Amino acid sequence: MRTHIIDVIPGDGIGQEVVPPALACVDALADRFGFAVEWRHRDWGSELYRSTGAMMPADALDLMATADAILLGAVGAPDIPDDVTLWGLLIPIRRRFEQYVNLRPTRLFDGVRSPLAHPEGLDLVIVRENVEGEYSEVGGRFNRGLEGELAVQEAVFTRAGIERVTRFAADLARRRKGRLTSATKSNGIIHTMPFWDQVVAETVAAEFPEVQLRSVLIDALAAELVLKPARNDVIVASNLFGDILSDIAAATGGSIGIAPSGNLNPERRHPSLFEPVHGSAPDIAGQGIANPLATIWAAAMMLEHLGETEAAAALEQALADTLAAGVATGDIGGTAGTTEFAGAVLARL
Ligand code: NAD
Ligand code: IPM
Ligand code: MN
């Protein structure tokens with residue numbers, strides 16, 4: 001039997017609540033579609049940090065290197081700075097495993113109300129560059145506590161880094177509607193962006209001549225996602241721009257509690273990581289009301305990545321059917337709790 005080895009890191013806050021439903025769905029699909037999953041449960045995160053001073057053990061990345069995929073809930077706790085928690089867990093995984101594509105789809109499910117006046121045709125995918133750009137290691141905080149205290153950051157864009165994420169996005173665009181939007185800011189004094197524009201344009205022209213490329217300033221693109229979302233199908237964006245756009249896109253789909261994310265190493269030399277776009281939501285953690293949909297959908301993306309195409313489609317369909325039947329959590333206007341929503345999805349599997 002095909003066996004997939006998956007590292008599971010529920011992490012912090014609602015991560016602990018939304019991951020178990022996703023595991024239950026995958027287990028049900030494994031029975032139905034004839035594959036096996038070996039879950040390797042990792043109790044890493046802020047709790048571990050409080051007792052050991054580290055978010056994950058020193059050999060964590062080596063341990064995960066043998067996984068077929070990683071499923072993550074969320075990281076972040078109100079009593080620990082984000083630069084400790086996130087820089088100690090999520091960011092090192094993305095980097096070590098060269099997960100340079102962060103794939104973030106948005107769709108408007110039947111039964112879910114978008115906050116947009118004209119959400120018609122909303123169905124897009126953000127391809128976010130995930131390991132370089134504005135999220136670089138070059139920079140720091142200087143003269144701490146002294147006069148002239150400052151922090152500087154160098155955004156680092158490489159030709160190879162822009163080319164590979166563009167290649168992934170353009171190939172996806174070619175298989176969808178043949179349209180690619182690139183998020184830019186070449187009008188501001190941001191020296192990296194004219195370079196981004198040039199490499200994106202060259203890559204598309206040379207390798208995907210059939211793909212129609214539109215370069216849009218990030219500020220205007222943010223507005224366009226709210227006013228005319230259907231103008232976009234696949235969007236390629238740098239690390240920070242893609243981060244911000246993905247929460248906007250998630251909200252247009254009804255809630256950030258719906259949006260999934262695949263941190264991919266497209267060459268499959270290393271495991272890819274699947275997670276919701278949202279964070280640990282300390283404001284609602286422990287109440288049993290978090291929407292597990294984003295994490296369950298992320299698990300469907302994981303199944304697709306593992307080659308379990310039918311199981312992935314069945315899971316996404318079960319999510320759509322559950323929403324269409326009027327079962328929903330509070331963030332999208334329903335009354336179901338986390339467990340009740342998950343139970344309704346499971347019943348359809
Ligand atoms: P957040 O995404 O955790 O929450 C933003 C808002 O959305 C909150 O009001 C929250 O209640 C709501 N929300 C989020 N997920 C939901 C769900 N599944 N169901 C219903 N409502 C949901 O963002 P934040 O509050 O800015 O960040 C909280 C912590 O999470 C911070 O420490 C942050 O750094 C971290 N964070 C982690 C990740 C990650 O692990 N990948 C991603 C984003 C933020
Ligand atoms: C995301 C998150 C992370 C990011 C944070 C928590 C480091 O916001 O996955 O969107 O900025 O990449
Ligand atoms: Mn984000």
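1. A residue is counted as near a molecule when one of its heavy atoms lies within 4 Å of it. In this predicted model, the residues that meet this criterion around ligand 2 are Leu 86, Ile 91, Arg 94, Arg 104, Arg 128, Tyr 135 and Asp 243.

2. Three arginine side chains deserve attention at ligand 2: a polar side-chain atom of Arg 94 lies 2.6 Å from an oxygen atom of the ligand, while for Arg 104 the corresponding distance to an oxygen atom of ligand 2 is 2.8 Å, and for Arg 128 it is 2.8 Å. Of the 320 Å² that ligand 2 exposes when taken alone, the protein buries 76%.

3. Ligand 1 is surrounded by 21 residues, of which the closest are Asp 82, Gly 279, Ala 281, Asp 283 and Asn 291. By character, this shell around ligand 1 comprises 11 nonpolar, 6 polar and 4 charged residues.

4. Among the polar contacts of ligand 1, an N or O atom in the side chain of Asp 82 is 2.6 Å from an oxygen atom of the ligand, and a polar side-chain atom of Asp 283 lies 2.8 Å from a ligand oxygen, whereas Ser 280 places a backbone N or O atom 3.1 Å from an oxygen atom of ligand 1. The accessible area of ligand 1 on its own is 800 Å², and the protein covers 71% of it.

5. Helix H9, residues 239-252, spans 20 Å from its first C-alpha to its last, close to the 20 Å expected for its 14 residues at 1.5 Å a residue. Its buried residues include Phe 241, Leu 245 and Ala 249; the buried residues of H9 fall within an arc of 160° when seen down the axis, so they line one face of the helix.

Note on methods:
Residues numbered from 1 in each chain as written. Chains lettered and ligands numbered in written order. Predicted model: local features only at pLDDT ≥ 70, side-chain atom pairs only at ≥ 80, totals over all residues. Heavy atoms only, no water. Polar contact = N/O pair within 3.5 Å; in protein donor to acceptor, adjacent residues only side chain to side chain. Areas by Shrake-Rupley, 256 points an atom, 1.4 Å probe, with all protein chains shown as cover. Nonpolar A, V, L, I, M, F, W, Y, C, P; charged D, E, K, R; others polar. Helix = DSSP H or I, 4+ residues; strand = E, 2+ residues; numbered from the N terminus. Expected span 1.5 Å × (residues − 1). Buried < 20%, exposed > 50% of the residue type's maximum accessible area, 1.4 Å probe, protein only. Arc of directions from axis to C-beta.
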